[in-house]
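Look at the sequence and the model together, and keep both in view while reading. The paragraphs below go from one loop to a helix, then to other parts of the chain.

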Amino acid sequence: MPMTTRFQRLGVRALSSATASSAGLRAPHQRQPSPFTVRPSTEEIRNSSLDARNLEHAVRAIHQDGIVVVEDVVPHEVLDSLNHKMVEDARELQARGKDGPFNYNQGNLQQDAPPTVEYFHPSIFISNLPSAPI
């Protein structure tokens with residue numbers, strides 16, 4: 001006799017992928033190849049607040065996948081500037097060898113953003129948009 005699950009015994013059927021997809025759901029075993037992405041409007045970015053629809057999509061993604069990408073909240077030139085500095089700092093820290101700030105092993109470098117005014121951009125550190133879905 002084939003084994004049945006508790007849900008089958010209760011008469012609950014699994015949703016087909018097509019049904020789940022049309023309902024905006026995914027079965028727990030199905031993984032998306034990349035995180036769900038929210039693309040806020042220019043007005044949402046200016047107001048530092050997602051509209052109700054984008055917020056709902058973001059919250060669903062957090063609950064379902066544990067991650068959501070909110071695109072273009074931080075201007076790319078700001079990120080490029082910070083990235084350039086942090087890569088430069090990382091190379092310097094790696095050059096220290098065993099005296100570097102490694103987290104548990106030498107392959108896991110512990111690094112924070114530089115604590116200077118030049119690299120402190122409110123769009124990165126104090127924007128409400130990235131934390132809105134949480």
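Q110 sits in the loop that runs between α5 and α6. This is a predicted model, and every value given here is computed from it. The residue Q110 is partly exposed, since its relative accessible area is 40%, which falls between the limits of 20% for buried and 50% for exposed. Along the chain, Q110 and L93 are 17 residues apart, and their C-alpha atoms are separated by 9.2 Å.

L93 leads to helix α5, where it is one of the buried residues. Helix α5 covers residues 76-95, 20 residues in total. At 1.5 Å a residue, α5 should span 28 Å, and its end C-alpha atoms are indeed 28 Å apart, so the expected and the computed span agree. The buried residues in α5 are V78, L82, K85, D89, A90 and L93. Because they cover an arc of only 145° around the axis, they are on the same side of α5. What do the buried residues of α5 pack against? They pack against α6, which is made of residues 122-125. The other side of α5 carries exposed residues: H76, E77, D80, H84, R91 and A95. Just after α5 comes G97, which takes a positive phi of about 65°.

Helix α5 also holds charged pairs. Side chains of opposite charge can pair when their charged atoms come close. K85 forms a salt bridge with E88, and the closest N and O atoms of this pair are 3.7 Å apart. Both residues, K85 and E88, lie in α5, three residues apart, about one turn of the helix. K85 forms a salt bridge with D89 as well, with the closest N and O atoms 3.1 Å apart. K85 and D89 are four residues apart in α5, again about one turn of the helix. An α-helix has 3.6 residues a turn, so residues three or four places apart point the same way. Are K85 and D89 buried or exposed? Both K85 and D89 are buried. Salt bridges that share partners join K85, E88 and D89 into one network. E88 counts as partly exposed, because its relative accessibility is 42%.

A further salt bridge is found in helix α4, residues 52-65. There E56 pairs with R60, and their closest N and O atoms are 2.8 Å apart. E56 and R60 are four residues apart in α4, so they are separated by about one helical turn. Both ends of this pair are partly exposed: E56 has a relative accessible area of 42%, and R60 has one of 46%. A search of the whole structure finds four salt bridges.

Helix α4 contains N54 too. Is N54 buried or exposed? N54 is buried, because its relative accessible area of 14% is under the 20% limit. Which residues does N54 touch, leaving aside its neighbours within four places in sequence? N54 is in contact with V38, R39, P40 and E44.

The next stop is the surface at α6. F125 is found in helix α6. With a relative accessible area of 37%, F125 is partly exposed. Together with F120 and I126, F125 makes a nonpolar surface patch of about 300 Å².

It remains to place these parts in the whole chain. The protein chain has six helices and two strands. Read along the sequence, they follow the pattern α-α-β-α-α-β-α-α. Of the 134 residues in the protein chain, buried residues make up 19%. The protein chain exposes about 10,500 Å², and carbon and sulfur atoms supply 54% of this area. Contacts can also be sorted by how far apart the two residues are in sequence. Among contacts in the protein chain between residues at least 6 apart in sequence, 61% join residues at least 24 apart.

How values were computed. Residues are numbered from 1 along each chain as its sequence is written. This is a predicted model: local features need pLDDT of at least 70, side-chain atom pairs count only at pLDDT 80 or more; totals for chains, interfaces and linings use all residues. Side-chain values use heavy atoms; hydrogens and water are left out. The expected span of a helix is 1.5 Å times one less than its number of residues. Buried means under 20% relative accessible area, exposed over 50%, partly exposed in between (1.4 Å probe, protein chains only). The arc is that of the directions from the helix axis to the C-beta atoms. Contact means heavy atoms within 4.5 Å. Patches are made of residues with over 30% relative accessible area and no salt bridge: like charges are joined within 9 Å, nonpolar side chains (Val, Leu, Ile, Met, Phe, Trp, Tyr) within 5 Å. Accessible areas come from the Shrake-Rupley method with a 1.4 Å probe; for residues, only the protein chains shown count as cover. A salt bridge is a side-chain nitrogen of Lys or Arg within 4 Å of a carboxyl oxygen of Asp or Glu.
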